[in-house]
Amino acid sequence: MSDSMNRDRATSEFILNRESYRRATVLLAGANFGLEEGPASAAGRLAAGGIRVVIAPSFGPEFEGACVLFGLPAVVLAPVVVDELGEWVDVNPGLEITVDLETQRIERVDREPISLDMHPRLRNNLLFGLSELDETIEHRARTSAFRQADRIRRPWLYNWREPSAVETLPLDSFDDEGNDPEA
């Protein structure tokens, strides 16, 4: 949460201080959410505050990836859909919504489900609890096999001499135009 959210949370008018929203686990936000402070800090504070999903029309450039680190889905929906969802929540503050990453749907009582389209890599990491390191390790065997095949296909990329093995000539052995007079 940003400093402004912390200040707002201390006031009785802050929306999450209302009894009907105190245990909210889904946060509806405005466009470019997550720009005010460091993305990892914002995502961590939301997760620590009990938020389990953030829905907005757009997020700060690094916020979605930071959310994955905390197991927090950042769901992008069209502004009109976020507004309609907000209006529905205002009228039905105690009702539950379910954000299902497997089916990529948001389900509400007495309403049609809302489809969501999350980046496949982020969705996979959230579903399986993978960090970026876990994801890298998961692809280690394929990366190694690719590198071995590429070494056979393009050996010139791999058969270069180490810098310490390169012969050097003293700078004074070149003329003014960079030519080696002994060559």
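Here are three short exercises on the structure above, each with a worked solution.

The model is predicted, so local features need pLDDT of at least 70 and side-chain atom pairs count only at pLDDT 80 or more, while totals for chains, interfaces and linings use all residues. Residues are numbered from 1 along each chain as its sequence is written, and side-chain values use heavy atoms, with hydrogens and water left out.

**Exercise 1. Work out in which order the helices and strands follow one another.**

Step 1: Begin with the inventory, which is seven helices and six strands. Helices (H or I, at least four residues) and strands (E, at least two) are DSSP runs, numbered from the N terminus.

Step 2: Read the chain from the N terminus, and the order is α-β-α-β-α-β-α-β-β-β-α-α-α.

**Exercise 2. Find which residues of the largest nonpolar core touch the most other members, and which elements give two or more residues to the core.**

Step 1: Set the criteria. A nonpolar core is a set of buried Ala, Val, Leu, Ile, Met, Phe, Trp, Tyr and Cys residues joined through side-chain atoms within 4.5 Å. Buried means under 20% relative accessible area, exposed over 50%, and partly exposed in between (1.4 Å probe, protein chains only).

Step 2: In this core of 21 residues, the members touching the most others are Ile55, Val75, Leu77, Val99, Ile106, Leu116 and Met118.

Step 3: Two or more residues each come from strand E2 (53-56), helix H4 (79-91), strand E4 (97-100) and helix H5 (120-128). H4 gives the largest share, four residues.

Step 4: Zoom in on Val99. Beyond its neighbours within four places in sequence, Val99 is in contact (heavy atoms within 4.5 Å) with Val53, Ile55, Val75, Arg105, Ile106 and Leu116.

**Exercise 3. Trace which residues are joined with Glu84 into one salt-bridge network.**

Step 1: Recall the cut-off: a salt bridge is a side-chain nitrogen of Lys or Arg within 4 Å of a carboxyl oxygen of Asp or Glu.

Step 2: Glu84 meets Arg108 at 3.3 Å, N to O. Glu84 is in helix H4 and Arg108 in strand E5 (residues 105-108), 24 residues apart.

Step 3: Glu84 also meets Arg111, at 3.0 Å, N to O. Arg111 lies in the loop between E5 and strand E6 (114-115), so this pair ties together parts that are 27 residues apart in sequence.

Step 4: Compare accessibility. Arg108 is buried at 10%, whereas Glu84 at 26% and Arg111 at 42% are partly exposed.

Step 5: Through shared partners, the salt bridges join Glu84, Arg108 and Arg111 into one network.
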